[in-house]
Amino acid sequence: MEFKSKIKTIEWVDNYSKMVDQTVIPYEYKFVNITTGEQMFHAIKDMIVRGAPAIGIAGAHGVVLYAQEALNNGMTNVEEFKKWVIEKAEYMKTSRPTAVNLMWAVEKQIEVIKNSHSDVKGIIEELKQNGIKLENEDIEINKKIGDYGAEVVPKGATILTHCNAGALATVGYGTALGVVRSAYAKDNSIQVFADETRPRQQGARITTFELAMDGIPVTLITDGMCSYFMSKGMIDMVVVGADRIAANGDTANKIGTYTVAIAAKYHNIPFYIAAPLSTIDTSIKTGKEIPIEERSREEVTHINGKRICAEGINIINPGFDVTPHELIAGIITEKGILRPDYTKSIAEAFQK
Ligand code: MRU
């Protein structure tokens, strides 16, 4: 039985990008239409759309929006058009630095531009079609990740996850929550423990929202509680997503993931990453080379617009951390579950 998830996070419609506004979940579930490249840059930066695969698709749509603007502004010379849109595409890549899917998907659009022999209108059509193809592939890939991952979920398992690597972090279905969805389709006695995920609370706001929407049992815990529940024997496995995986398997994901991985190792609980190959950056050898996004102080000092700490204190707010590959039991991809030695299994996955 296939699990039918109701959520489609982002899609190309006619000549704009339609996406779920993730800044207002769980209070509202509404869509916004992004009609210009600059709007898309800010939708990514301000996290209206978030999650590595979803921002990849958003970046790809953003390139189409810039291309449309170029034509609307009368740019019909193909060489001039190509140069301008590629410059804007490079700018789009800088909207968020850690998730490599953004660079990956925008680069796919740049390839379309470079390789096209069409006129400006033709190139825009090719970019649209490529964006839609990437969208459709994302869902297919997530279903494969889900099905591979479901094979290692024990019967009746309680699965801990951190942040949101769900349908709302992808086009649909999800990576870590894709594993949950596929496992739940086979065994509806499984359940999820979701870390709150401070400072932006993607676990509390988004993971619980989408699992509740799909009727999958979920228990919300705060970030500091995970070791406690592990020590009580209440967690059977951990599955999280990834923003960038280095060639040796070191994995950047939402801040706090590393803490969960250490706790899982101590308690002998398997800790899995679920991610498409587009999240693997083989150009970097280790996690030390992954750029970590530093976000605003207000995300830490305030909750729902209200200050929660003394004024005038120091604040540091890295958005991601890197889990060393030694702590990872397996990387669940669309090509199967990669196991250590990751340098070898990752390289082999790209040959398949
Ligand atoms: O800052 P966010 O919300 O974009 O961070 C999201 C995560 O860290 C996810 O776990 C990751 O992007 C994987 S999404 C399938």
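User: In which strand is Val13 found?

Analyst: In this predicted model, the pairing partner helps to place the residue, since Val13 stands opposite Tyr16 in strand 2. Strand 2 covers residues 16-20 and pairs with the strand of Val13 in the antiparallel sense over 4 bridges. Val13 itself is found in residues 10-13, that is, in strand 1.

User: Is Val13 buried, partly exposed or exposed?

Analyst: Along strand 1 the side chains alternate, with Ile10 and Trp12 pointing to one face and being buried, while Glu11 and Val13 point to the other and are not. Buried would require under 20% relative accessible area and exposed over 50%. Because Val13 has 21% relative accessibility, it counts as partly exposed.

User: Which residue takes a positive phi in the hairpin of strand 1 and strand 2?

Analyst: The two strands pair in the antiparallel sense, and their hairpin has 2 residues between the strands. The residue there with a positive phi, near 50°, is Asp14.

User: What kind of aromatic pair do Tyr66 and Trp84 form?

Analyst: The structure holds 6 aromatic pairs. For Tyr66 and Trp84, the distance is 5.9 Å centre to centre and the angle between the planes is 80°. Planes over 60 degrees apart count as edge-to-face, so the pair of Tyr66 and Trp84 is edge-to-face.

User: Which helices hold Tyr66 and Trp84?

Analyst: Tyr66 is buried, at 2% relative accessible area, whereas Trp84 is partly exposed at 24%. Their pair ties together parts that are 18 residues apart in sequence, because Tyr66 lies in helix 2 and Trp84 in helix 3.

Technical notes: Residues numbered from 1 in each chain as written. Predicted model: local features only at pLDDT ≥ 70, side-chain atom pairs only at ≥ 80, totals over all residues. Heavy atoms only, no water. Buried < 20%, exposed > 50% of the residue type's maximum accessible area, 1.4 Å probe, protein only. Pairing = 2+ DSSP bridges. Phe/Tyr/Trp six-rings, centres within 6.5 Å; stacked < 30°, edge-to-face > 60°.
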